[in-house]
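Student: I would like to go through a protein model with you. Could we take it one question at a time?

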Amino acid sequence: MVSVLFVCLGNICRSPTAEGVFTNMCRKQGVADSLYIDSAGTAGWHVGKAPDARAVTAAAQQDIDLSALRARQVSQDDFSSFDYILAMDEDNLADLRSMQPDGTQARVDLFLDYAPGMSVRNVPDPYYGGDDGFVQVLELVRAASAGLLTHLIARGEVTAHRD
Ligand code: 4NP
């Protein structure tokens, strides 16, 4: 079992979108049973809340249901329970690296570094912008999700169970 935690600032826009898109992709590829997928925020402002309605709407247009997700804050325990902790932007990455306890196993990376050939490294924060920002988040997250899944399969960390 491989565990993946997606992290942004508020856990109501970008990281729940990543959780939903990646989960959906893993189900379609028949590998969902070998993964544990979650998301969290570096900040605690929105803990317990559902994703932003604009994120839910944008994902629903691609048949991805985010409505049951609830925000939580990253904890120190996450660095020992997750294999991959993937940050949406460089601020999230710096915050995660500064809170990672010594000797913990989690690999902390930028999520977009898993998208092959992509020049952008940050998923832009769509919270204070318009609806098009949420569509852009979906596009970036979809590319990085495909790259991440390819990476995990190539390393033999996940295998398909189709029986
Ligand atoms: P997220 O977006 O980090 O993608 O969930 C944000 C959500 C809320 C806030 C900022 C970014 N906020 O300032 O409340």
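Tutor: The questions below go from the core to a helix, then to the ligand and to one aspartate.

Tutor: This is a predicted model, in which local features need pLDDT of at least 70, side-chain atom pairs count only at pLDDT 80 or more, and totals for chains, interfaces and linings use all residues. Residues are numbered from 1 along each chain as its sequence is written, and side-chain values use heavy atoms, with hydrogens and water left out.

Student: Which helix gives the most to the largest nonpolar core?

Tutor: A nonpolar core is a set of buried Ala, Val, Leu, Ile, Met, Phe, Trp, Tyr and Cys residues joined through side-chain atoms within 4.5 Å; buried means under 20% relative accessible area, exposed over 50%, partly exposed in between (1.4 Å probe, protein chains only). The largest such core has 38 residues, and Phe22 and Leu148 are among those with the most contacts inside it. Helices and strands are DSSP runs numbered from the N terminus (helices H or I, at least four residues; strands E, at least two), and strand 1 (2–8) and helix 1 (14–28) are among those that each supply at least two residues of this core. The one that gives the most, with nine residues, is helix 5.

Student: Is helix 1 largely enclosed or largely open?

Tutor: Helix 1 has 15 residues and reaches 21 Å from its first C-alpha to its last, close to the 21 Å expected (1.5 Å times one less than its number of residues). Of its 15 residues, 13 are buried, so helix 1 is largely enclosed by the rest of the structure.

Student: How much of the ligand's accessible area does the protein cover?

Tutor: A polar contact is a pair of N or O atoms within 3.5 Å. By that cut-off, an oxygen atom of the ligand lies 2.9 Å from a backbone N or O atom of leucine 9, and an oxygen atom of the ligand is 2.8 Å from an N or O atom in the side chain of arginine 14. On its own the ligand has 360 Å² of accessible area (Shrake-Rupley method, 1.4 Å probe). The share of this that the protein covers is 94%.

Student: Is aspartate 91 buried or exposed?

Tutor: Aspartate 91 lies in helix 4 (residues 90–99). Threonine 42 is 49 residues from aspartate 91 in sequence, and their C-alpha atoms are 9.7 Å apart in space. The relative accessible area of aspartate 91 is 57%, so aspartate 91 is exposed.

Conventions:
A polar contact is a pair of N or O atoms within 3.5 Å; within protein, one must be able to donate a hydrogen and the other to accept it, and residues adjacent in sequence count only if both atoms are side-chain atoms.
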